[in-house]
Number of protein chains: 2
Amino acid sequence: MLGGMQDFELRVPRLIDHAAREHGAREIVTHWADGRETRTDWAGIARDARKLAQALERMGVGRGDRVATLAMNHAHHLVAWYGAIGMGGVVHTINPRLFDEQLVYIANHAEDQVLFYDMAFQPIVDRLKSQWTSIRHYVAFDDLGLQGFAALIDREDDDYEWVEGPEREPCMLCYTSGTTGNPKGVLYEHRSTMIHAMAEVAPWVFDLAPSSVVLPVVPLFHAAAWGLPFACALAGAKLVYSAVNDPAVLCRLMNDEKVTHSAGVPTVWLSMFQHIDATGESPRHLKQVTIGGSAAPRAMIDRIMGMGATVKHLWGMTETSPIGTAGNEPPDWASMTRDAQLDRMCKQGSIPFGIELQVIDDDGAVLPRDGKSSGRLQVRGPWVVKRYFGADQDAVDAGGWFDTGDVAVLHPDGTMQITDRSKDVIKSGGEWISSVELENAAVGCAGVAEAAAIGIAHPKWDERPLLLVVRKPGSAVSPDEINAHLRKHVAKWWLPDAIEFVDSLPHTATGKLLKTALRDQFRDYRLPDARLAG
Amino acid sequence: MLGGMQDFELRVPRLIDHAAREHGAREIVTHWADGRETRTDWAGIARDARKLAQALERMGVGRGDRVATLAMNHAHHLVAWYGAIGMGGVVHTINPRLFDEQLVYIANHAEDQVLFYDMAFQPIVDRLKSQWTSIRHYVAFDDLGLQGFAALIDREDDDYEWVEGPEREPCMLCYTSGTTGNPKGVLYEHRSTMIHAMAEVAPWVFDLAPSSVVLPVVPLFHAAAWGLPFACALAGAKLVYSAVNDPAVLCRLMNDEKVTHSAGVPTVWLSMFQHIDATGESPRHLKQVTIGGSAAPRAMIDRIMGMGATVKHLWGMTETSPIGTAGNEPPDWASMTRDAQLDRMCKQGSIPFGIELQVIDDDGAVLPRDGKSSGRLQVRGPWVVKRYFGADQDAVDAGGWFDTGDVAVLHPDGTMQITDRSKDVIKSGGEWISSVELENAAVGCAGVAEAAAIGIAHPKWDERPLLLVVRKPGSAVSPDEINAHLRKHVAKWWLPDAIEFVDSLPHTATGKLLKTALRDQFRDYRLPDARLAG
């Protein structure tokens, strides 16, 4: 032996050990659904997680077994993560907003052994219990005397020793809420989770430190809560959880607990703005707001920046653990105009160490990073999926690239910009029309509440856009008015061949437009003859 | 196969690939010894490193072979690191300040194949060449027409592909400049170096981002320059190197290049203060100053904080890659008094994720983290040595702990405080007297330039302190005056039994007091009878 450095498996329990040892008194605050507020700390989470690990072993849960949760954000949910992972299990977070069919499918596909759930979701449990074939134990997180979570762990002492093992063992399972076919499970490993957590605390992603106070609005069931339960333990940050997403509660928590970092989807901020406008009460300590899940509108970024916080756009997906890119301030930030700053922050961000991105055309040729060439976005890296859970083949190509299903442009300044989903792009005369850009332009028109653009088969151009519009209450905006507005924002050949008004548009469980349903619904739609002739 | 995440070996060349791809235009500035200033960027470093890797292969250097450098900080030296590591070699940085005997020993022990060196060190090369038994190629970094480094790489093209392999392979070799026995080599691995680099960019260590501009005064041959060549590539930070340590040059560079981060030993700042006092010119853009190598005096930390920068105390050693602890601001920093802030920052810092510390007594019992119990400091973690290069046994105990040779206290707030080296502590009547605290108290006395405290054998108390003092020029400070000063700062039983004045004190190659030499010199010293009777 030549000599060398120490062995150290990158296992998740090291995070909770570190947090308990070095930042044991740093608080974990929970605002529960019933309005109560409780406080524990990293030492308390570690203690309870050891007890839960012991309880799970006693229930017959074994190494690699899946332990499911169906719950909002609270300290017990966090304990369930570290407890199940600590005894060698695999945490499976279930999104309660999924359709019944999907809820049945994923719990059975995952072969979940135990389900920890909030009583708020008791109706789901009652409805689906008979169809869930593998779940042997149901435990409510709520305080139910001898039946609930607290009683379960109170029976154990806290001298449990974490299960050791290789770092490539699985620790977590998250299903995609895909728009087509059955959901697919991404099986995170201890190693991938740890490298992802180390990458996340960096200044160019979440920028977390022991002095940070983090309120993740993003649910624990949404792509591993973007890794924050792990990253916050690594940093020793204070965590503030709310089981309800009422902006009045969130705003008060942010001020009472001096929250410095928040993270959530754009709609969280739309509600918060309404709260601020209505009450004049605004979060006062925020230093960084991270927005992901879908693109944040420019006006939203502008307004949050005006509140004195840095706004980080995050792009990623369940398959990327989920960090793919993160917005951050370039070296010349201070000398940029506000407009240039907004231009930068409206893009999906730049590429952190670990992640590689490339954009390819339909023939698989890699496109230049010229800020113009749009193509299919591919990703690879240590926290990117290789093979879906239970799949019989890899989800990556020979070069190790995973196809994201997004259409994107890479800019010379290192930023990435999503322009569409590859299934949603409208292919007209050999060129691509971005359905997303068309929709964004349309919602900028007065009277338009929401819009969806889909491609309709066309004998000459292959596809042409149909724009479906939901009017704002009381609005009577006309197709001509919308077209006049669009003309100012998109190329003339992008203008929709037809505009139809609808009462509502279908969405996925995570709030995204369900274009597959729209394409089904309008499969036999006939575009006006005038354009067909064109 | 259940499914899982992508394979990704943590290999160092990924850093330079990332930096070149995502931050290719971020500059690397060098101020050379001859006063010239040149600029390249991460893309340029990557290109040159590929050429050098090819050149090394052509010279017959093979995988795992050691490639040595004897040089100051500059872009060519950085290229040598990435080039040698990229072709599967092991970079061995040699400290030119070592004694000839050590320089001969370590190059032969490492079996270095190639030596890259600055012409400034040509006298060393000329003097020792005949005793270096394994070096086959000598290449000067300076521009020497057809003979030098530039000519060597200019002959190659830049399409070299990095050598792939397991992440536990070695990439770097650094020798300790120990005060006793032969230097010992610490063999860093790709994996340990990568995890260390990821840990270093975190807000609680170097806090590096793409917008950072880093001037590491710490030499590339000092414990891998504290990992900054790797951490800066990971972050995509701009690097500013100076091959000379003249404070006027450093200060001008800091202002011209808008340096935000600097790192070096305390003496660097003593010279900088003299420069500031003499010229009124002061670094204007510094946000963080990291001080390591030895403890920074309180007044130094205070003055740098007054310049508007965060001061981070770093503790570590070659055996810890070298980050062991890093000073950082606790959650209640803003509400702390300046004195409390200084108290905190005078300690060696808190423990980052990855590192575990414990303090044990002479019987091996683990002492509490009570801020009082002083004992031998032990460390373990993924970037801590397991076995020295070429050693036939591990350097760690059965629990995986490495004994640092330091004496320390762990505080309840999570910080660590070095009180002495275990070999230097003075054992008097079963209790320990910290030689370092005695010395620090003594240099606070007017007229004292430097002081060293060593233990002298004593029939009753085992050991008693002898204080050796170098007076400031023109001073005639007396033993009584020194004792009167010490009385105000240390316990009465810590007062030295004797004070002797000397013209100078011996130091190691890295500027630390050479206590072994002092103990040898004063082995037969007789303490005054008055105290012997006591």
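**Figure 1. Close-up of B:A224, a residue with positive phi.** B:A224 is found in the loop that joins β10 (213-216) to α8 (228-235) in chain B of this predicted model, where helices (H or I, at least four residues) and strands (E, at least two) are DSSP runs numbered from the N terminus. Although B:A224 is not a glycine, its phi is positive, at about 55 degrees. B:A224 is buried, with a relative accessible area of 2%; buried means under 20% relative accessible area, exposed over 50%, and partly exposed in between, using a 1.4 Å probe and protein chains only. Residues are numbered from 1 along each chain as its sequence is written, and chains are lettered from A, with ligands numbered from 1, in the order in which they are written. Because the model is predicted, local features need pLDDT of at least 70 and side-chain atom pairs count only at pLDDT 80 or more, while totals for chains, interfaces and linings use all residues, and side-chain values use heavy atoms, leaving out hydrogens and water.

**Figure 2. Close-up of A:E111 and of the cis peptide bonds.** A:E111, placed in the loop between α4 (100-110) and β6 of chain A, has a phi near 55 degrees, again a positive value in a residue other than glycine. A:E111 is partly exposed, with a relative accessible area of 44%. The peptide bond from A:S321 to A:P322 is cis, with omega near 15 degrees, and A:P322 sits in the loop between β14 (310-316) and β15 (323-326) of chain A. In chain B, a cis peptide bond with omega of about 15 degrees joins B:S321 and B:P322. As background, most residues other than glycine have a negative phi, and most peptide bonds are trans.

**Figure 3. Close-up of the open sheet in chain A and the helices packed on it.** Six strands form an open sheet in the order β7-β6-β4-β5-β8-β9, with mixed pairing, two strands being paired if DSSP finds at least two bridges between them. The edge strands, each pairing on one side only, are β7 (137-140) and β9 (185-189) of chain A, and the twist averages 20 degrees from one strand to the next. Strand β8 (residues 170-175) pairs with β9(A) in the antiparallel sense over 5 bridges, and A:C174 has A:V186 of β9(A) as its bridge partner. Helix α7 (residues 190-200) of chain A packs on the sheet, touching β8 and β9, and its direction makes about 75 degrees with that of β9(A). Axes are lines fitted to C-alpha atoms, for helices over the stretch in contact, and angles run from 0 to 180 degrees between N-to-C directions.

**Figure 4. Close-up of the surroundings of A:F116 and B:T419.** Leaving aside neighbours within four places in sequence, A:F116 is in contact with residues including A:L52, A:V67, A:F141 and A:L152, contact meaning heavy atoms within 4.5 Å. B:T419, in strand β21 (residues 415-421) of chain B, is buried with a relative accessible area of 9%. Among the residues that B:T419 touches, not counting those up to four places away in sequence, are B:S374, B:V409 and B:E437.

**Figure 5. Close-up of the axis relating the two chains.** A turn of 180 degrees and a shift of 0.0 Å along the axis lay chain B on chain A with an RMSD of 0.1 Å, which is the relation of a two-fold axis. The C-alpha nearest the axis in chain B is that of B:A202, 2.5 Å from it. Copies are superposed by least squares on the C-alpha atoms of residues with pLDDT, the predictor's confidence in each residue from 0 to 100, of at least 70 in both.
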